[in-house]
Amino acid sequence: MKVLIVDDNTKIMAIAEVHLKKEGLEVLCVEDGKSALESARQEKPDLILLDVDMPDMSGFEVCQILKDDAELVMIPVVFLTAADDNKSRVRGLDLGAVDYVTKPFDSFELRARVRAALRTKQLQDQLATMNLELEERVDQRTEEIKQLLEQKDAFVNQLSHDLKTPLTPLVALLPMVAERTEDVESKKMLDLIMNNVDYMRNLTERTLQLAQLNSPEVSLRVEKVDLASEIRNTIESLSSVFKENGIEIVNNTTMPLDIEADRMLIKELIHNLVSNTIKYTNGDGVVTFESFLKDDNVEISIKDTGIGMTIEQQKRIFEEFYKADDSRTDRSSTGLGLTICKRIVENHGGSIRAESQGSGHGTSVHFTLPIRQSEK
Amino acid sequence: MNKEIMVVDDDPSIRSTVDIILKTSGYSICAVESGQGCLDRLREGFRGLILMDVMMPKMDGWDTIAAIEDEGLYKGNVICMLTAVHDPCPKLEKLTEYVMDYVRKPFTSEELLEVVTEYIEYVQ
């Protein structure tokens, strides 16, 4: 390893040089601050032994310049100070020196302090190398994961697509078989089968939709969409279901709420959210729709008086395949509806959140969409 | 009203499913397994509603429509696509003018019959 000694007193320098060479170190000697900086830049020493008190440029000035230079900042500095000069020692350490040796120095102490400083430097260098390697590995792994995720989406896409053909005879023919069946037990069995086929159909449809929303190639078909009238249309189309379930609708959204968006996706989003209010309200409730304009965004909130959510459920509600009632056997939900909603909102550059005061206290979903879509 | 329907699909279970549903409702139907088969029938004088699968080996639904047009066999027929994908392929926008509608797999018998009853009226 290489040490640079900087001292205008050549006698002291010569003594230090002899001792450090005994440590097996390569030693460079310069007599002033300017040469010290030059040598530091050219030779990149592993340690600088720096006299405080020098003419023209003091050791403090040299240290300041070293510590302000990104290329030199990592070279440890050990100051050479006068024995009675406490202030200088403190100032030197504050400027970024790792240690000091007082003059006249004891040779064993000098060697021990230099050894200690070099050990630290070596560890620092190792750490820096490891850090670099780690960063490279993280980059590499991130790229691998990205590719794997893309492969996963492509696979899911292909799989759900391929499932559609074999599902067709089941979806199309089972009801015809059920209609011709007289036997009550067989009818029950067929009902059970058809229920599950329906579920499979839903699951396939939704999985495919999610894979498509995840795909980086898919772009939005942007046009002018009136959010308020989309909400009103959805409420109207479900009005009989609301009535059957004893749910009252309060629609406080103001017309019009024109935004730039993909109409089909917005329809899907609103339909999913509105259907959820019905699914999770056990009779006699109120669903309230509100709209707010905030800067360049529209915020919609849909609040119900339904079964609500625990804090755990609120955290996980947008996860793929998460079902709020924790039941894997619930055939009315695929656990993908809200994940799809989140993707739709995010693909538009918006955000969505779900809140509840707890189980039994209703749920409110708020989503924000930008009024304009930036050109891609 | 004895207008014919042709189903073009390489998957035998889809051909059978369509065949069963439409025969039950009193339509006469012929099933072929490829675009080539479809062209052969048209050359023999078939006129009617064609239910065409999009994804088929060798000659897909779009290739078949292009060939039908090339040979001047389109006139008098109505084409609806049977598809498992959400959207028509945008590259083939030129050909979509020959397509009246899409039936998305998996379809119910009601969905299929709705399309058939609506578009068979357009067969000349």
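Colleague: What makes β3(B), helix α3 (residues 61-70) of chain B and β4(B) a right-handed β-α-β unit?

Modeller: A crossover is right-handed if, with the strands pointing away from the viewer, the path from the first strand over the helix to the second runs clockwise. The path from β3(B) over α3 to β4(B) fits that, so the unit gets the name. Mind you, this is a predicted model: local features need pLDDT of at least 70, side-chain atom pairs count only at pLDDT 80 or more, and totals for chains, interfaces and linings use all residues. Residues are numbered from 1 along each chain as its sequence is written, and chains are lettered from A and ligands numbered from 1 in the order in which they are written.

Colleague: Why is strand β4 (residues 78-83) of chain B called largely enclosed?

Modeller: Buried takes 20 or more other C-beta atoms within 10 Å of a residue's own, with C-beta atoms placed from the backbone. Six of the six residues of β4(B) are buried, so the rest of the structure largely encloses this strand. Both faces are covered, with B:Val78, B:Cys80 and B:Leu82 on one side and B:Ile79, B:Met81 and B:Thr83 on the other.

Colleague: How do you know that β4(B) pairs with strand β5 (residues 99-104) of chain B?

Modeller: Pairing needs at least two bridges found by DSSP. These two strands have five, in the parallel sense, so they count as paired. B:Ile79 has B:Val99 as its bridge partner in β5(B).

Colleague: And what stands opposite B:Cys80?

Modeller: That's B:Leu51. Strand β3 (residues 48-53) of chain B also pairs with β4(B) in the parallel sense, over five bridges.

Technical notes: A residue is buried if 20 or more other C-beta atoms lie within 10 Å of its own, exposed if 12 or fewer, and partly exposed in between; C-beta atoms are placed from the backbone. Helices (H or I, at least four residues) and strands (E, at least two) are DSSP runs, numbered from the N terminus.
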